[in-house]
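Student: Could you take me through one part of this model up close? I'd like to look at the backbone of the strands and the loops between them.

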Amino acid sequence: MNIDQSKKILMLGGEGQNIEFKRDCQDIDSIGKVICGFLNSSGGSILCGISENFNLTGIKITESEKNNIEKEIQQHISPKALVSFDVNEIEGKKILVIEVPAGKDIPYAFQDVIYIRNENKTQKADIYTINDMVLSKQVEPHRWERRFSIADINEDIELNEFNQAIKEISKRFNFRDNHNMNMILEDLSVARYGRLTNAGDILFCKNPAERCP
């Protein structure tokens, strides 16, 4: 989300199904629950640095602090999801903008609890909602890009392309270990159990057309 988009949301005011305001970013648990709720719903944005009256108050935050917040939250979200954390400056005040996509692998959990978004509230999913999520996932066909590829994770990765891509992705996403290729691929959901998926094959391997014509 760029600065103009952030300003537009502030001008409109109020929270809703896809918007949540936070006065600061100290309550990691609260932010994590909202992220989880957005993932299980239609996605949304969290703006930290907005008061209860929807006034721009700003926050004091460094790049390192932002990365620590992102890392701590990502550690407790399951399954993994690519959530964007950015610091914008409006009228000389910093806000933390967290953009959450609609999740593709519901149900998601934060600290082993499943949350959903209901209008402007985030709440625990009841057993009926969870059952519905699980059943709908079971009846949907397994997406092609998540099926295992026959590519060899140790032999077929194009390292130069992989390293360049990870360098760019690292600007917006914190990996568990920036030096462990297998863990990076798992964090990106393009590998499981040491095996590449078709998505990982196409994105990072040499000659993917030989296996995926």
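Tutor: Here is a walk along the strands and loops, with a short stop at the cysteines afterwards. Keep in mind that this is a predicted model, where local features need pLDDT of at least 70, side-chain atom pairs count only at pLDDT 80 or more, and totals for chains, interfaces and linings use all residues. Residues are numbered from 1 along each chain as its sequence is written, and side-chain values use heavy atoms, with hydrogens and water left out.

A quick word on terms: helices (H or I, at least four residues) and strands (E, at least two) are DSSP runs, numbered from the N terminus. Two strands pair if DSSP finds at least two bridges between them.

Let's begin with the hairpins. E6 and E7 run antiparallel, joined by 2 bridges, and Ala-109 has Ile-114 in E7 as its bridge partner. This hairpin has 2 residues between its strands, and Gln-111 takes a positive phi there, near 50°.

Next along, E7 goes on to E8, again antiparallel, with 4 bridges joining the two. Arg-117 stands opposite Thr-122 in E8. There are 2 residues between these strands as well, and in this hairpin Glu-119 has a positive phi near 60°, although Glu-119 is not a glycine. You'll find Glu-119 in the loop between strand E7 (113–118) and strand E8 (121–124). Its relative accessibility is 56%, so Glu-119 counts as exposed (exposed is over 50%, buried under 20% and partly exposed in between, using a 1.4 Å probe and protein chains only).

Ser-189 also isn't a glycine, yet its phi is positive at about 60°. Ser-189 sits in the loop between helix H6 (181–187) and strand E9 (191–192), and at 25% relative accessibility it counts as partly exposed.

Now for the cis prolines. The bond from Ile-106 to Pro-107 is a cis peptide with omega near 5°, and Pro-107 lies in the loop between strand E5 (93–100) and strand E6 (109–110). Another cis peptide bond runs from Ser-78 to Pro-79, with omega near -5°; Pro-79 belongs to the loop between strand E3 (77–78) and strand E4 (84–90).

Last, the cysteines. Taking a disulfide as a pair of cysteine sulfur atoms within 2.5 Å, the count is 0. Cys-205 is in no disulfide, and its nearest cysteine sulfur, on Cys-212, is 8.8 Å away. Cys-205 counts as buried, at 6% relative accessibility.
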